[in-house]
Amino acid sequence: MILTDDQRQIADMAKSFLAEEGTIAKQLRHWRDIGCKDGFGHDLWKQMAELGLTGLAVPEAEGGLGLGATEAALVMEEVGRNLTPSPFLTTALVAVEAMKGTEQGKHWFPGIVAGETVAAIAVDEGPHHRPRQIALRAERSGNGFALSGTKQFVVHGASADVILVAARTSGSAGESDGLTLFAVPREAAGMTVENVALTDSSKAARLTFDKVAVDADAVIGEVDGGWEPLRRAMRLGRTGAAAEMVGAAGGAMTMTVDYLRQRKQFGKLIGEFQVLQHRAAHLFGEIEIARAATLKAAELLDKGDDKAGIMSHVAKAKAGRVATLAVQEGVQMHGGIGMTDEHDIGFYMKRAKVLDSLFGDSSYHARMVQVMGA
Amino acid sequence: MTDLESFRAETRSWLEANCPAEMRTPMRSEDDACWGGRNFQFQSEAQEQWLRVMGEKGWTVPDWPAAYGGGGLSPAETKVLREEMKAIGARNPLSSFGISMLGPALLKYGTEEQKTRFLPEIARGEIRWCQGYSEPGAGSDLAGLQTRCEDKGDHWLVNGQKVWTSYADKADWIFCLVRTSTESKHGGISFLLFDMESEGVSTKPILLISGYSPFCETFFDDVKVPKDQIVGEVNKGWDVAKYLLGHEREMISGMGLGSGSSRTLAASLGEIDDPVLAAEVALFDVDAIAFAAMSEHFIDQLKAGEAHPAMPSMMKYAGTELNKKRHELIMAAGGSDALEWDSERSRGGKAPREWLRTKANSIEGGTSEVQLGIVAKHILRLPGA
Ligand SMILES: Cc1cc2nc3c(=O)[nH]c(=O)nc-3n(C[C@H](O)[C@H](O)[C@H](O)COP(=O)(O)OP(=O)(O)OC[C@H]3O[C@@H](n4cnc5c(N)ncnc54)[C@H](O)[C@@H]3O)c2cc1C
Ligand SMILES: Cc1cc2nc3c(=O)[nH]c(=O)nc-3n(C[C@H](O)[C@H](O)[C@H](O)COP(=O)(O)OP(=O)(O)OC[C@H]3O[C@@H](n4cnc5c(N)ncnc54)[C@H](O)[C@@H]3O)c2cc1C
C-alpha cells in the first residue's frame, strides 16, 4: 500500500505535533510523577482537538474530519512512538466507531470533536478479553434497563464522561446474539468506579453495576443487536492498538539502535558486535511486517472488505508479539541502564505489555485467526 | 468505465480465451515449472501454447517495455494482470532467471544493442540462463571470486570454476562474475555473458540432501568470449552484480508466500489434533498472513520507487525463514506419513523433499546472516557492520 498525499499529511502532522508535545518527558513521565488521576493531560486532548484529531473518525456532517482507519492507524503509530497518554484510541476511534450513525453519536460527538468529552468502552469482565462471554445483565425495567454486573480493564473509565457498556439482554454467556451496547453517563446512579493504576502508569477502571438505571435511548443501535457495533468498534480498536504497538516498537528500536551506536565496551561500540546487529536487523524486519499487516487491516476496513475482520486479528496478534520482542531486546541491549527508572526504555516495555492485553492479547487473536481461517 | 476497469475486463476475457484449462491447475511439483530455452522438453502442448501466447503478448514480463519484448504495462495494469491470473489459478507461463535476475540488470546496465539482442528472447522463453556467481572459495564473500577473464585483444579468455550453479547443465547461457583485475577486490570484477555451448565449458551435477540435483559445478577451461558480452563497464561488474542480487532476493522472498496457512496444512495432512502443534500453526498463520501483507506493500513500494535498496535483504531473510518454518510444520503435522520417502502418503515424497529443499532458502542468494548484516549496515547504520 502506498499512502496518498493526504494520508502522508496527516501522518506528518501527527508526527511533528506528538514529537513536540506528546513526549515522554512532557506527558507520560510528567503525569506519572505528579500522580495524576487521569494519567493523561486534558490540555493535550484540547490541542489534539484543535488539530482536528479528536474528530478524525467523526463524519464531516457532524463536525469531524470523516477520515478512516488508515489515517487513524497513522496517528496511533505516532502516539505509540512517543508513548503519549491520551484517550484518542478509546474515545476518538472505538467510541466514535460504535456510535456512528446513532442518536447517541449525535449527542456525544460535538464534545468529542471539541476535545471536551472523553469516552471509554467496557467489555471485559475477567482478566482476559472474551467478548462473547459477556454476562453483565441488562434487565428491562420501566421504559429503560437496569444493569447489573462487573467490568474491568475499562481504560480511562474513571475519567470518561460516557462509558459504552456491553451487556447481555438475552441469551447466555458464549453467544454473540443477545448483547446490547449502552451509553452510560459516568454519573449514573448505582455504578461504582474504582480507578486502578496499570503497570504503564495509565489508568483503567473496575466498574460495579448494581441495578444501574438507564433510559431506553441509551441503547446504541438495536437491543440484542449490540454485537454489530461492538464488532465494528473492536475491529477499529484492535487495529488502532496494533498501530500503537507498531509505533511503540519502532520507538523502542530507534532508542536502542541509537544506544548501540554510542555505548562503548571492550574498546568498541557495542553496535559493532554482530550478535547485536543481527538481532537488531531481525527486529527491524519484524516491525516492518507488523506495520504492513496493520496498514493492510486498516486499508481493508476502509474498503469495507470482508477480510478486514481476520486481518485486524492478524495485525493485533503480530503487532503484540513484535512489540514484545522490541521492548525486550530494547531493555536487554541497554544493559543495566535499561533497568533504571531514569531511562525511558522501560516505559516502552510497560506500555507494550498493557497494549498487548488491551482488546485481547496475541494468543487470543492468533486463535481467532485460526478459527476464522478454518 | 475507467481505463483500468476496461483493462481488467479485456484481460479477463483474453485470459479466459487463451489460458488452457490444464494451465489453470496447481503445479504438482517443481517439475511442472516451464523453463523454456533451446532444449526444454515441454510436458504438454498446453504448457507450450501457454508460454507462446503469453510471450507474444509480452505478458511473461508485463512491465518491461514493449520494444524489448515486454507488455509495456503500467504498475497498476501489471497488478491487475497478476490478480486476474490468480483469480483463474493460471500457472506462471515461464520460470526464468532471465526474467527475475538478468533482465532487470540488462534493462539498467545493458547497452541498447545488448537489450535488443537478449531481452526479447528472455521474454519469449527462448534462452534459458544460469547464474555463475559462487565459487568454492567465494560464497558469502562473493567478491573473493577468482575466475580469471583476460583481455586477448579480440576476445576474452575465461578460466576458473563456479559452484552451486543452478541448472547449469540445462541452461543455454550463463551470466557470470569474473575477475578482470586483481588490483582491487571489488573493483576488479566484471559481469560477463556467454553461451554454455562455448568450447571449454563443462558441468558436473551436485546431488542435494533432498535427492534432487539441479545444481552443478561449472568449469571454464580457456573459454573464448566475444568482447561485446560484458554488461556495464569492465571492472565495474560489482554494481551490476549487487543490483541483480537485489532482484534475486526479491524473487526468493516470494517463497515466504508459499501456499500458506493452517488450512493448507490441515487439508493436505489431515486434522491436527495436538493442541501444542495447533497453537504453533495458529501463530504461524499470523506470521504468514502478516508477511503476505508485507510482500504486497513491498512490491507497491518497489513500483513506486520508494523501497530502500536494502529492503530485498529484509524480505529475503523474513520470507525464507518463514518458508522453512512452514515446512517444519508440514512435517510435524504429517507425522510418519510425511517421513515416507517415495510413497503415496507423502505425495511421492513431496513433503520430505520439499522440507529438505527449503533448508537452502536461507543459504542461496546470500545467507540469512549476510542479509541481516546488510540490513544492520545499510538500514540501521550500525557501526563497522
Ligand atoms: C538489577 C541490577 C543489579 C546489579 N547488581 C550489581 C552488583 O551488585 N554489583 C555489580 O558490580 N554490578 C551489578 N550490576 C551491574 C551489572 O553487572 C551490569 O549491568 C552488567 O554487567 C552489564 O553491564 P552494563 O550495564 O554496563 O551493559 P553493557 O556492558 O553496556 O552492555 C549493553 C549491551 O551490550 C551487550 N554487549 C556488551 N558487550 C558485548 C559483547 N562483547 N558482545 C556482545 N554483546 C555485548 C550487552 O549484552 C548488553 O546487551 C547490576 C545490574 C542490575 C541491572
Ligand atoms: C540450493 C542452492 C542453489 C544455489 N544456486 C546458486 C546459483 O544458481 N548460482 C550461484 O552462483 N550460487 C548459487 N548458490 C550459492 C549460494 O549463493 C551460496 O551457497 C551462498 O552465498 C553461501 O555461500 P557458501 O555456501 O560458500 O557459505 P559460506 O559463505 O562458507 O558460509 C557458511 C556459513 O557462515 C556464515 N557466514 C559467512 N560469512 C559470514 C559473515 N560475514 N557473518 C556471519 N556469518 C557468516 C554463513 O551465513 C553460513 O551460515 C546456491 C546455493 C544453494 C544451496
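A salt bridge here is a side-chain nitrogen of Lys or Arg within 4 Å of a carboxyl oxygen of Asp or Glu. I'm keeping that handy, and noting that this is a predicted model.

**Entry 1: inside chain A**

I looked up how chain A is split and got domain 1 (5-117), domain 2 (121-224) and domain 3 (228-373). I picked domains 2 and 3 of chain A, whose centres sit 29 Å apart over C-alpha atoms. There, 17 residues of domain 2 are in contact with 14 residues of domain 3. The pair buries about 1300 Å², with 74% of that from carbon and sulfur atoms. On the domain 2 side, A:His129, A:Phe153 and A:Asp200 lose the most area, together 38% of what that side buries.

Next I checked for salt bridges between these two domains, and the count is one. A:Asp200 and A:Arg351 meet in a salt bridge at 2.6 Å, N to O; that satisfies the rule, because the cut-off is 4 Å. I also sorted the domain 2 side by class: 10 nonpolar, four polar and three charged residues.

**Entry 2: chain B against chain A**

I moved on to the two chains, where 36 residues of chain B are in contact with 32 of chain A. About 2900 Å² is buried between them, 70% of it from carbon and sulfur atoms. B:Val286, B:Leu380 and B:Pro383 lose the most area on the chain B side, together 19% of what that side buries.

I found three salt bridges across this interface. B:Asp287 and A:Lys318 form a salt bridge through their side chains, at 2.6 Å, N to O.

Which helix of chain B gives the largest share of the side that touches chain A? I got H8(B), with 16 residues.

How values were computed:
Residues numbered from 1 in each chain as written. Chains lettered and ligands numbered in written order. Predicted model: local features only at pLDDT ≥ 70, side-chain atom pairs only at ≥ 80, totals over all residues. Heavy atoms only, no water. Contact = heavy atoms within 4.5 Å. Buried area = accessible area lost by both parts, 1.4 Å probe. Helix = DSSP H or I, 4+ residues; strand = E, 2+ residues; numbered from the N terminus. Domains from an automatic or database assignment. Nonpolar A, V, L, I, M, F, W, Y, C, P; charged D, E, K, R; others polar.
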